[in-house]
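This report walks through one protein chain for a reader who has not seen it before. It begins at a single loop residue and then widens to the whole chain.

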Amino acid sequence: MHNDLHSPIFFCTFARSLWLNSLNFKGKNMNTGGKIVTSMVSVLLIGLGLFVFFKFFFVYSEGTNEGDINYFQREGFIFKTYEGKMIQTGYNSHNTSATIQSNEFKFSVVDERVAQQIDNNSSRQIKLHWKRYLGTLPWRGNSQFVVDSIISVRQVAPQVEDVLQEMPLPIEN
């Protein structure tokens, strides 16, 4: 990661070495204008590196969500990524009648193994661990929320309609 040319750490290291070389230049004497330009370029490169790091690589938050997978698919033109939507049911606390509401949680998955586990357990209730980044990258998915592991999988209790459909109807004479 540190040797990657796209890494913000590479930009910061490069800018720092450029700036230090301008201060301790041993060859020809660098004039004041050259030192100013070199210092400004160094500061801009460090600023750009820090921006890229905090926007795309810094984990802003981590958490878990539990619910039913609404859809899960692999999509993209150039970068094929796994995208999904989870439905989380709960009670609406803003309403005095406490109606049931559902929240949608859109997420991306980078790891093939985690994607396969989600796909295999899509009919069950899944608790996912995610990391949130401030920006999206095309090879990481369309969502700021990137799922990195599955915490638990539970079998969903049968719905009342499913139980009623399986019960034999009484025969009337």
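Leaving aside neighbours within four places in sequence, K80 is in contact with R74 and E75, where contact means heavy atoms within 4.5 Å. K80 sits in the loop between β1 and β2, and at 47% relative accessibility K80 counts as partly exposed; in the terms used here, buried means under 20% relative accessible area, exposed means over 50%, and partly exposed lies in between, with a 1.4 Å probe and protein chains only. K80 and R140 are 60 residues apart in sequence, while their C-alpha atoms are 9.1 Å apart in space.

These details come from a predicted model, in which local features need pLDDT of at least 70 and side-chain atom pairs count only at pLDDT 80 or more, whereas totals for chains, interfaces and linings use all residues. Residues are numbered from 1 along each chain as its sequence is written, and side-chain values use heavy atoms, with hydrogens and water left out.

The average pLDDT of the chain, on the predictor's confidence scale from 0 to 100 for each residue, is 80, and 65% of the residues score at least 70. Among the elements, strand β4 (residues 125-133) has the highest mean pLDDT, 95, and helix α4 (residues 160-166) has the lowest, 57. Where pLDDT is low, the predicted coordinates should not be read in detail.

The chain holds 4 helices and 5 strands, which are DSSP runs numbered from the N terminus (helices H or I, at least four residues; strands E, at least two). From the N terminus on, their order is α-α-β-β-β-α-β-β-α. Of the 173 residues in the chain, 25% are buried, and among contacts between residues at least 6 apart in sequence, 55% join residues at least 24 apart.

The interior can be described through its nonpolar core, a set of buried Ala, Val, Leu, Ile, Met, Phe, Trp, Tyr and Cys residues joined through side-chain atoms within 4.5 Å. The largest such core has 15 residues, of which I69, F72, F107, V109, I118, L128 and V147 touch the most other members. Two or more residues of this core are given by each of β1, β2 (81-91), β3 (100-109), α3 (112-120), β4 and β5 (145-154). Not counting residues up to four places away in sequence, L128 touches ten residues by name: G63, T64, N65, M86, F107, I118, V147, S149, I150 and I151.

Strand β4 also carries W130, which is buried, with a relative accessible area of 11%. Beyond four places in sequence, W130 touches S61, E62, G63, T64, N65, F105, F145, V146, V147 and D148. W130 and V109 are 21 residues apart in sequence, and 9.1 Å separates them from C-alpha to C-alpha.

Side chains of opposite charge can pair when their charged atoms come close. A search of the whole structure finds 4 salt bridges, each being a side-chain nitrogen of Lys or Arg within 4 Å of a carboxyl oxygen of Asp or Glu; the table includes some of them.

| Salt bridge | N to O distance |
|---|---|
| E66 and R154 | 3.1 Å |
| R113 and D111 | 3.7 Å |
| K131 and D148 | 3.9 Å |

In the salt bridge between E66 and R154, E66 lies in strand β1 and R154 in strand β5, so the pair ties together parts that are 88 residues apart in sequence. E66 is partly exposed at 27% relative accessible area, and R154 is partly exposed at 46%. In the salt bridge between K131 and D148, K131 in strand β4 and D148 in strand β5 link distant parts of the chain, 17 residues apart. Both of these residues count as partly exposed, K131 at 26% and D148 at 29%. D111, the partner of R113, is likewise partly exposed, with a relative accessible area of 33%.

On the outside, the chain exposes about 12,500 Å², and carbon and sulfur atoms supply 57% of this area; accessible areas come from the Shrake-Rupley method with a 1.4 Å probe, and for residues only the protein chains shown count as cover. I46, L50, F54, F58, Y60 and L134 make a nonpolar surface patch of about 510 Å². Patches are made of residues with over 30% relative accessible area and no salt bridge, with like charges joined within 9 Å and nonpolar side chains (Val, Leu, Ile, Met, Phe, Trp, Tyr) within 5 Å. Helix α2 (residues 32-57) gives the largest share of the nonpolar patch, 3 residues. Y60 belongs to strand β1 (residues 59-75) and is partly exposed, with a relative accessible area of 48%.
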